[in-house]
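User: Could you take a close look at one part of this model for me, the helix that gives the most to the main nonpolar core, and then walk outward from there? I'd like the packing, the buried and exposed sides, and whatever polar or aromatic contacts sit around it.

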Amino acid sequence: LQLPCRNAFIENDARTDAGAPILFCYLPNLPRLFRFFSALELLQMKGAILCFDFQADVLRRYCGSRVRFQTIDFFKFERRFFP
């Protein structure tokens, strides 16, 4: 992951090596998600969302083909931080 682009016209938390915006969505924030997806549509761009595995199916239905998903395995996360 690369540092976010703060002066961009799209909300983002990081960027891919190719410069595509990434939104961290493991804590659901619907207005922020809507701004991210709307900007991707408006700018005809592709982006990525980082979320927990159990969130991905619902988000995929909402975001469509403009977004690539990277998931965090919730059970591995839980075991690491809550032994």
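Analyst: Here is a walk through that helix, then the parts around it.

Keep in mind that this is a predicted model. The helix you want is H1, residues 30-43, which gives five residues to the largest nonpolar core. H1 has 14 residues and runs 20 Å from its first C-alpha to its last, close to the 20 Å expected at 1.5 Å a residue. Right behind H1 comes Gln44, with a positive phi near 55°.

Now for the two sides of H1. Buried here are Arg32, Leu33, Phe36, Phe37, Ala39 and Leu40. Those residues sit on the same side of H1, because they cover an arc of only 155° around the axis. As a rule, an α-helix has 3.6 residues a turn, so residues three or four places apart point the same way. On the face of H1 turned away from the buried side you find Leu30 and Leu42, both exposed. So what do the buried residues of H1 pack against? Their partners are strand E2 (21-24), E3, H2 and E4.

That brings us to the core itself. There are 15 residues in the largest nonpolar core, and Ile49 and Val67 are the ones that touch the most other members. Besides H1, the elements giving two or more residues to this core are strand E3 (47-52), helix H2 (56-63) and strand E4 (67-72). Val67 is a handy place to see the parts meet: leaving out residues up to four places away in sequence, Val67 touches Phe36, Phe37 and Leu40, along with Gly47, Ala48 and Ile49. Phe36, Phe37 and Leu40 are among the buried residues of H1. In general terms, nonpolar side chains in soluble globular proteins tend to be buried together.

H2 can be read in much the way we read H1. Its buried residues are Ala56, Leu59 and Cys63. These cover an arc of only 65° around the axis, which puts them on the same side of H2. Val58 and Arg61 are exposed on the other side of H2. What covers the buried residues of H2 includes H1, E3 and E4. Just after H2, Gly64 has a positive phi of about 70°.

Between E3 and H2 there is a loop, and Gln55 is in it. Is Gln55 buried or exposed? With a relative accessible area of 11%, Gln55 is buried, since the cut-off for buried is under 20%. As for polar partners, the side chain of Gln55 reaches the backbone oxygen of Tyr26 at 3.3 Å. Not counting neighbours within four places in sequence, Gln55 is in contact with Cys25, Tyr26 and Pro28.

There's another polar residue worth a stop, and a contact of that residue leads back to H1. Asn12 sits in the segment before strand E1 (14-15). Asn12 counts as buried because its relative accessibility is 5%. Its side chain reaches the backbone nitrogen of Cys5 at 2.9 Å. A polar atom of the Asn12 side chain also lies 2.9 Å from the backbone oxygen of Ile10. Leaving aside residues up to four places away in sequence, Asn12 touches Pro4, Cys5, Arg6, Pro21, Ile22 and Arg32. Arg32 is one of the buried residues of H1.

Last stop, the aromatics. Ten aromatic pairs turn up in a search of the whole structure. One of them is Phe74 with Phe75: the ring centres are 6.2 Å apart and the planes are at 70°, so the pair is edge-to-face. Another is Phe77 with Phe81, whose centres are 4.9 Å apart and whose planes are at 45°, so this pair is tilted. Phe77 and Phe81 both lie in helix H3 (residues 74-81), four residues apart, about one turn of the helix. How open are these rings? Phe74 counts as partly exposed at 26% relative accessibility, Phe77 is partly exposed at 30%, and Phe75 is exposed at 54%. One aromatic cluster takes in Phe74, Phe75, Phe77 and Phe81 together with Phe24, Tyr26, Phe52 and Phe54. Tyr26 is also the residue whose backbone oxygen the side chain of Gln55 reaches.

How values were computed
Residues numbered from 1 in each chain as written. Predicted model: local features only at pLDDT ≥ 70, side-chain atom pairs only at ≥ 80, totals over all residues. Heavy atoms only, no water. Buried < 20%, exposed > 50% of the residue type's maximum accessible area, 1.4 Å probe, protein only. Polar contact = N/O pair within 3.5 Å; in protein donor to acceptor, adjacent residues only side chain to side chain. Contact = heavy atoms within 4.5 Å. Core = buried A, V, L, I, M, F, W, Y, C linked by side-chain atoms within 4.5 Å. Expected span 1.5 Å × (residues − 1). Arc of directions from axis to C-beta. Phe/Tyr/Trp six-rings, centres within 6.5 Å; stacked < 30°, edge-to-face > 60°.
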